[in-house]
Amino acid sequence: MTLLPSHGLVFRVLLLAHAADRAPRADADAWARAAFDRASHWGRSLDLRAAARALLAHGLAEATEDGIRVAARLRSLPAMESGAMRATARVLLAASPPPWLTQAVRSGSVVRDYIPDADLKALTWLEPELDALLADAAAQHLAAEGEVWRERLGEAAEAVVLSALRRTGREAVQVSLVSAAYGYDVEVSGDPVERIEVKGAGPETRGSFHLTRHEFETSRRHPDTWSVVQVVFRPDAFRADVLGPEHIADVIRLMPQAVRAVVPEDTDAFVWDQSALLTPPAEDWRPTGLRPAADFSAPGLRPGLRPGLRRRPENPGRAGH
């Protein structure tokens, strides 16, 4: 069952959200029965079990040892005095974007010719705010996809740097697997210890990268041992299922002094809070000479590929690579 927010599905989801406010439910059927007991005569004709299972399937609820646990986004809906139906529609669009969403929304404008007639009919109850809701959902979806993409690119870049360092006999540890609290991704043993924040890029984004406030503050605490290393992938890396040494165009380094030169100071009127996209002058980047081992391989960057790589724990405002 999809989560296209028709009027009927939104009503069912609100009933289930109300039912979740009380005692925990053992499973989807018990949850649906509790919602059924609270429904009006008309509401009792709705398929609440299918809706409950759909919410579980799309991550808006989960089955735990203590019973069904509902996502915070659903728990807040019954407390809304007005606009609960439309708020529920927003939640459903975010959790399960329709497959046509990114085609139908272009540069913030909705082109309804891309929306199937049946779906458009099911959504007409959201007029006159329908276009705005779809545009917001599309922006949120693209932002989430961008975060996943930056994470994949960063993980591939870290694999390249680790292989290159170990090829030269250096002892390197991928501390990003432990926690983002380090403020860098790779730690290299030595006196002093070297701290490397790894970024990935393609030919068109070479020299640009996202930096979190935490990473920047770490660079200030370790001005002599922290640096950015950017792995620049060749165009064919973004079509590949598996990466090899031939997909690496360059590995370049930026020192923290160059980072500080492009980051403005905080003022009473401006505070850099979470993250920023930086593009230092090209001449500030230096070659590293790093190259991965001849037998290096990592999941490719082809769109749609699911490499199954890890996600970073303890992520304090990390903006990706």
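Select β9 (226–233) and β11 (residues 248–254): six bridges join these two strands, which run antiparallel. Strands, like helices, are DSSP runs numbered from the N terminus, with at least two residues of type E for a strand and at least four of type H or I for a helix. Two strands count as paired if DSSP finds at least two bridges between them. The model is predicted: local features need pLDDT of at least 70 and side-chain atom pairs count only at pLDDT 80 or more, while totals for chains, interfaces and linings use all residues. Residues are numbered from 1 along each chain as its sequence is written, and side-chain values use heavy atoms, with hydrogens and water left out.

**The sheet**

Extend the selection to the open sheet of six strands, whose order is β5-β6-β7-β9-β11-β13, with mixed pairing. Its edge strands are β5 and β13 (286–287), each of which pairs on one side only. Strands of a sheet pair through backbone hydrogen bonds, either parallel or antiparallel.

At the β5 edge, β5 (172–174) and β6 (186–188) are antiparallel, with three bridges. Pick Ala172 there; its bridge partner in β6 is Val188. At the β13 edge, two bridges hold β11 and β13 in the antiparallel sense, and Arg253 stands opposite Arg286 in β13.

**Asp250 in β11**

Go back to β11, where six of the seven residues are buried. Buried means under 20% relative accessible area, exposed means over 50%, and partly exposed lies in between (1.4 Å probe, protein chains only). Center on Asp250, which counts as buried because its relative accessible area is 17%. Across the strand pair, Val232 stands opposite Asp250.

Which side chains meet that of Asp250 in salt bridges? One is Arg206, at 2.9 Å from N to O. A salt bridge here is a side-chain nitrogen of Lys or Arg within 4 Å of a carboxyl oxygen of Asp or Glu. Arg206 lies in the loop between β7 and β8, so its pairing with Asp250 in β11 ties together parts that are 44 residues apart in sequence. Arg206 has 42% relative accessibility and therefore counts as partly exposed.

Another is Arg291, with 4.0 Å from N to O. Since Arg291 is in the loop between β13 and β14 (298–299), this pair ties together parts that are 41 residues apart in sequence. Arg291 is partly exposed, at a relative accessible area of 35%.

**Helix α9**

Next, select helix α9 (residues 213–221), in which Arg213, Glu215, Phe216, Thr218 and Ser219 are buried. The cover over the buried residues of α9 includes β7 (194–201), β8 (209–212), β9, α10 (256–262) and β12 (275–278).

Show the side chain of Glu215 together with Lys199: they form a salt bridge, and the closest N and O atoms are 3.3 Å apart. Lys199 is in strand β7 and Glu215 in helix α9, so-called distant parts of the chain, 16 residues apart. Both residues of the pair, Lys199 and Glu215, are buried.

Now add Arg213, Glu217, Arg220 and Asp266, which are linked in a network of salt bridges. The salt-bridge count comes to 17.

**A nonpolar surface patch**

Move to Leu177, Val178 and Tyr182, a nonpolar patch on the surface with about 260 Å² of accessible area together. Patch members have over 30% relative accessible area and no salt bridge; like charges are joined within 9 Å, and nonpolar side chains (Val, Leu, Ile, Met, Phe, Trp, Tyr) within 5 Å. Areas come from the Shrake-Rupley method with a 1.4 Å probe, and for residues only the protein chains shown count as cover. Tyr182 sits in the loop between β5 and β6. Tyr182 counts as partly exposed because its relative accessibility is 33%.

**Whole chain and confidence**

Zoom out to the full chain, which has ten helices and 14 strands. The C-alpha trace spans about 75 × 50 × 45 Å along its principal axes. Of the 321 residues, 46% count as buried. The accessible surface is about 16,300 Å², with 51% belonging to carbon and sulfur atoms.

Color by pLDDT, the predictor's confidence in each residue from 0 to 100. The chain's mean is 88, and 90% of its residues reach 70 or more. Finally, select residues 308–320: pLDDT is below 50 there, and the stretch has 48 contacts in the model beyond near neighbours in sequence, a contact being heavy atoms within 4.5 Å. Where pLDDT is low, the predicted coordinates should not be read in detail.
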